[in-house]
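Q: Please take a close look at the charged side chains here. Which of them pair up, and where do they lie?

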Amino acid sequence: MYTHRNGLLCLTLALCSTCAQADDVEKAVDYRQGLMNVYAHNVAPMGNMVKGKTAFDPAAFARYAKDLAVAARLDLLAGFPEDSINDESDASDTIWLDWSKFQKKYEALKIQSAKLSKVAADGDEAAMKEQFGKTAKTCKGCHDDFKD
């Protein structure tokens with residue numbers, strides 16, 4: 001009886017550990033998708049201004065640029081643990097196959113969005129549009145390589 005209880009306890013702990021790991025993966029996917037939503041929330045209106053779909057508002061553009069730069073400094077990589085390949089995510093398996101390239105793409109986003117925030121704070125519309133193009137290119141480059 002004592003051995004049976006120990007076996008049952010071990011099985012229960014193993015199942016709880018598996019559930020906790022699955023929950024951690026789900027949280028990681030939620031985290032990275034949440035950050036991507038924050039990025040999109042800020043990039044889309046700036047893109048609309050740059051494309052002339054909406055009136056160019058330098059103050060609003062600067063706010064979006066600042067928020068994008070702040071969000072880009074959050075640790076996006078924490079949302080991509082090795083075991084987080086998930087059907088609910090558009091993340092390509094190639095992320096984990098070429099992790100160093102993925103890290104470099106993320107670093108490029110941090111650098112370009114910080115530059116965008118600085119340029120936007122200066123208020124030069126032409127410079128803002130130019131730097132937005134560079135920043136958007138880093139987003140597209142990562143999506144081209146690592147998004148299904």
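A: This is a predicted model, and the description starts with Asp145. Its relative accessible area is 30%, so Asp145 counts as partly exposed, the class between buried, under 20%, and exposed, over 50%. The side chain of Asp145 meets that of Lys105 in a salt bridge, with 2.9 Å from N to O. Lys105 belongs to helix H4 (residues 99–122) and Asp145 to helix H5 (residues 125–146), so this pair ties together parts that are 40 residues apart in sequence. Lys105 has a relative accessibility of 22% and is therefore partly exposed. The pair does not stand alone: Lys101, Lys105 and Asp145 are linked in a network of salt bridges.

As background, side chains of opposite charge can pair when their charged atoms come close. A salt bridge is counted here when a side-chain nitrogen of Lys or Arg is within 4 Å of a carboxyl oxygen of Asp or Glu. By this rule the model has six salt bridges.

Two of these pairs lie inside helix H5. One of them joins Lys129 and Glu125, whose closest N and O atoms are 2.9 Å apart. Both residues are in helix H5, four residues apart, which is about one turn of the helix. Lys129, with a relative accessible area of 30%, is partly exposed, and Glu125 is partly exposed as well, at 35%.

The other pair is Asp144 with Lys140, where the closest N and O atoms are 2.8 Å apart. Asp144 and Lys140 are four residues apart in helix H5, so about one helical turn separates them. Asp144 has a relative accessible area of 51% and therefore counts as exposed. Lys140 is exposed too, with a relative accessible area of 52%.

Some charged residues gather with others of like charge instead. Glu26, Asp30, Asp87 and Glu88 form a patch of negative charge on the surface. Residues in such a patch have no salt bridge and over 30% relative accessible area. Glu26 sits in helix H1 (residues 2–50). Its relative accessibility is 49%, so Glu26 counts as partly exposed, since exposed means over 50%.

Key: Residues are numbered from 1 along each chain as its sequence is written. This is a predicted model: local features need pLDDT of at least 70, side-chain atom pairs count only at pLDDT 80 or more; totals for chains, interfaces and linings use all residues. Side-chain values use heavy atoms; hydrogens and water are left out. Patches are made of residues with over 30% relative accessible area and no salt bridge: like charges are joined within 9 Å, nonpolar side chains (Val, Leu, Ile, Met, Phe, Trp, Tyr) within 5 Å. Accessible areas come from the Shrake-Rupley method with a 1.4 Å probe; for residues, only the protein chains shown count as cover. Lys and Arg count as positive and Asp and Glu as negative; His and the chain ends are not counted. The place of a charge is taken as NZ of Lys, CZ of Arg, CG of Asp or CD of Glu. Helices (H or I, at least four residues) and strands (E, at least two) are DSSP runs, numbered from the N terminus. Buried means under 20% relative accessible area, exposed over 50%, partly exposed in between (1.4 Å probe, protein chains only).
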